[in-house]
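Subject: Structure handover

Hello,

Please find the structure below, with notes on what was found in it. Reply if anything in the notes is unclear.

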Amino acid sequence: MADLLWDDVSRLFDPDLMGALPDVRVPDCSVEDWQAVLDLFEARGWKCRYSEGDTVLPVPRAETVLSRTADAECPELRVWPTAQVLAIFRFLDDRVIDFDVDLRELQGQERLDVFCGFLREIGQRVGKPVLMDPEGDHGNPVLGFDVEADRVVLLVEPMAG
């Protein structure tokens, strides 16, 4: 059974209402949590592309990328759980795993299921909630992976279409 039904959450995936690039985050993390997520991507065989500026490099260990100097260019890791769905991770803080998704790619039940599965796998791997905030509205999650429920749940009242 699907974590969320498209008819119940479609407005939360409307780029005009929520911003095209909502912020997805796992709070209260460590370097070990970051590494667990990187290991998950490798174990699942998801396509990944790590880059620093214009230079594409092999995916490093979390401790290496998170210990770079303050003036270093912010690295980016692009992860495709499916060919049509992209998540972009930025290594800004070792205490928060954060990434962006493009709501324009997450339309319909099939893509929603992929997205929920992605959040669920990350949350299960680190044993922590994975929260989605509207773009520019940090700290006000609308949905997320709930560790106790072991599924993605709404964190706001459903918005009528």
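The notes cover the strands, the core, the largest pocket, the cysteines and a few loop residues.

This is a predicted model, in which local features need pLDDT of at least 70 and side-chain atom pairs count only at pLDDT 80 or more, while totals for chains, interfaces and linings use all residues. Residues are numbered from 1 along each chain as its sequence is written, and side-chain values use heavy atoms, with hydrogens and water left out.

Strands

Helices (H or I, at least four residues) and strands (E, at least two) are DSSP runs, numbered from the N terminus. Two strands count as paired if DSSP finds at least two bridges between them. For exposure, buried means under 20% relative accessible area, exposed over 50%, and partly exposed in between, with a 1.4 Å probe and protein chains only.

Strand 2 (residues 47-52) runs antiparallel to strand 4, and six bridges link the two. One of the matched pairs is Glu52 with Pro75 of strand 4. Strand 4 covers residues 75-82, and six of its eight residues are buried, which leaves the strand mostly covered.

Strand 4 is also paired with strand 5, again antiparallel, over five bridges. Here Val79 has Ala87 of strand 5 as its bridge partner. These two strands make a hairpin with two residues between them.

Strand 5 (residues 85-90) goes on to pair with strand 6 in the antiparallel sense, over four bridges. Arg90 is matched with Asp98 in strand 6. This is a hairpin as well, with six residues between strand 5 and strand 6.

Strand 6 is joined to strand 1 by four bridges, and strand 1 and strand 6 run antiparallel. Opposite Val26 stands Ile97 of strand 6. Strand 6 (residues 97-101) is largely enclosed by the rest of the structure, because four of its five residues are buried.

In a regular strand, side chains alternate between the two faces of the sheet.

Core

A nonpolar core is taken as a set of buried Ala, Val, Leu, Ile, Met, Phe, Trp, Tyr and Cys residues joined through side-chain atoms within 4.5 Å. The largest one has 44 residues, and those touching the most other members are Phe13, Phe41, Phe89, Phe99, Ile122 and Leu143. Helix 5 (residues 109-126) is the biggest contributor to this core, with seven residues. As background, nonpolar side chains in soluble globular proteins tend to be buried together.

What does Phe89 touch, leaving aside its neighbours within four places in sequence? With contact meaning heavy atoms within 4.5 Å, the partners of Phe89 include Trp34, Phe41, Pro75, Val79, Ile97, Phe99, Phe118 and Ile122.

Largest pocket

A 1 Å grid over the protein atoms alone was used, and a pocket is an open set of points where a 1.4 Å probe fits, with protein on both sides within 12 Å along at least five of seven lines; lining residues have an atom within 4 Å of a point. Grid points are joined across faces, edges and corners, and the volume is the space filled by probe spheres set on the points.

The largest pocket has a volume of about 150 Å³. Its lining consists of 13 residues, and Asp23, Val24, Leu92, Asp98 and Phe99 lie nearest the centre. At least two lining residues come from each of strand 1, strand 5 and strand 6.

Cysteines

A disulfide is a pair of cysteine sulfur atoms within 2.5 Å, and the structure holds zero of them. Why is Cys74 not bonded to Cys29? The sulfur of Cys29 is the closest cysteine sulfur to that of Cys74, but it is 16 Å away, too far for a bond. For Cys116 the closest cysteine sulfur is again in Cys29, at 19 Å, which is too far for a bond. Cys74 is partly exposed at 31% relative accessible area, whereas Cys116 is buried at 1%.

Loop residues and helix 3

Most residues other than glycine have a negative phi. Asp28, which is not a glycine, has a positive phi of about 55 degrees. Asp28 is in the loop between strand 1 (23-26) and helix 3 (31-44), and is exposed at 66% relative accessibility. Asp150 also has a positive phi, near 60 degrees. Asp150 is in the loop between strand 8 (143-146) and strand 9 (151-154), and is partly exposed at 40%.

Glu42 lies in helix 3 and is exposed, with a relative accessible area of 65%. The C-alpha atoms of Glu42 and Val59 are 9.6 Å apart, and the two residues are 17 residues apart along the chain.

Regards
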